[in-house]
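Trainee: Could you take me closely through one part of this model, the aromatic cluster and what lies around it? I would like a connected account rather than a list.

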Amino acid sequence: ELLTLIQQELANKNISKNDLLQLTNEHQEDSVRGESKNLTNVLYVIGAVIVITGVGILIGQNWHDIGMFGRLIVTLGISLATYIVAFVLDKPEQKRLSQVMFVISAALAPVASWVLLREAHIDLTIENQTATALVLMFIYGTSLYLTRKNILVVITLAFATWAYLTKVF
């Protein structure tokens, strides 16, 4: 039906072949722009993973030398910073990068909690683990409610499972 309509409009001289060619070229340009955005997002993700890996190796080699404040900045600070960046990047064109930042934040959050408890000379008891897991579940669950990012479902369920398993075992 669409082809018949286009042929009729061409025959009636309501549209020209140049109009169709221009429309086709615009569609192709939009497609190329979409592919370019995807490539840019992939490169952002790769770059973020490389930076985090490099920083992780550097910190691992100097863990005992950086002191209490350094360990807290490295774990809690980076976790908080990536969490904030994930919220700032809550735009459709930066969806993947935002999700990667949420993953990095969520991966560092339990380590940051452990470092914080250890530096405060608080034993890592079952009750403290449960409380930590519940707090993290609440934080990332609230993020899920606010941003509707798919990865936050997995993260929230992971912290909920951690809280549940600390009570079971």
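**The aromatic cluster and its surroundings**

Mentor: In this predicted model, ring pairs join Y83, F87, F102, Y140, F159 and W162 into a cluster. The structure holds six aromatic pairs, and a good place to start is the pair made by Y83 and F87, whose ring centres are 5.2 Å apart and whose planes stand at 75°, so that this pair counts as edge-to-face, the cut-off for that class being an angle over 60 degrees. Both residues belong to helix α3, which covers residues 67-88, and they are four residues apart there, about one turn of the helix. Their surroundings can be described by accessibility: Y83 has a relative accessibility of 16% and therefore counts as buried, while F87, at 27%, counts as partly exposed, because the class of buried residues ends at 20% and that of exposed residues begins over 50%.

Y83 also has a second partner, F102, and the two form an edge-to-face pair with 5.8 Å from centre to centre and 75° between the planes. Here the partners come from two helices, since Y83 lies in α3 and F102 in α4 (residues 95-119), so the pair ties together parts that are 19 residues apart in sequence. Both Y83 and F102 are buried.

From these rings one can move on to T147, a residue of helix α5, which touches F87 and F102 as well as D90 and L152, when residues up to four places away in sequence are not counted. T147 is buried, with a relative accessible area of 10%, and a polar atom of its side chain lies 2.8 Å from the backbone oxygen of S143. T147 thus has contacts with two residues of the aromatic cluster, F87 and F102, and a polar partner in the backbone of S143.

The helices named so far also meet around a pocket. The largest pocket holds about 260 Å³ of space, and of the 14 residues that line this pocket, L76, S79, A109, L136 and I139 are the closest to its centre. The elements that give two or more residues to the lining are α3, α4 and α5, with α4 giving the most, namely six residues.

Another ring in the model takes part in a contact with a charge rather than in the cluster just described: the charged end of R71 sits over the ring of W63, at 5.8 Å from the centre of that ring.

Two loop residues deserve a careful look at the backbone, and a general remark helps in reading them. Most residues other than glycine have a negative phi. K13, although not a glycine, has a positive phi of about 65°; this residue is found in the loop between α1 (2-11) and α2 (17-61), and it is exposed, with a relative accessible area of 72%. H121 likewise is not a glycine and has a positive phi, of about 60°. H121 is found in the loop between α4 and α5, the latter covering residues 126-147, and at 75% relative accessibility H121 counts as exposed.

To return to the part you asked about, Y83 is the residue to keep in view, as it pairs with F87 within helix α3 and with F102 of helix α4, while T147 of helix α5 touches both F87 and F102.

Conventions:
Residues are numbered from 1 along each chain as its sequence is written. This is a predicted model: local features need pLDDT of at least 70, side-chain atom pairs count only at pLDDT 80 or more; totals for chains, interfaces and linings use all residues. Side-chain values use heavy atoms; hydrogens and water are left out. Rings of Phe, Tyr and Trp (its six-membered ring) pair if their centres lie within 6.5 Å; planes under 30 degrees apart count as stacked, over 60 as edge-to-face and the rest as tilted. Buried means under 20% relative accessible area, exposed over 50%, partly exposed in between (1.4 Å probe, protein chains only). A charge sits over a ring if NZ of Lys or CZ of Arg is within 6 Å of the ring centre and within 35 degrees of the ring normal. A polar contact is a pair of N or O atoms within 3.5 Å; within protein, one must be able to donate a hydrogen and the other to accept it, and residues adjacent in sequence count only if both atoms are side-chain atoms. Contact means heavy atoms within 4.5 Å. On a 1 Å grid over the protein atoms alone, a cavity is a set of points where a 1.4 Å probe fits but cannot get out, and a pocket is an open set with protein on both sides within 12 Å along at least five of seven lines; lining residues have an atom within 4 Å of a point. Grid points are joined across faces, edges and corners, and a volume is the space filled by probe spheres set on the points.
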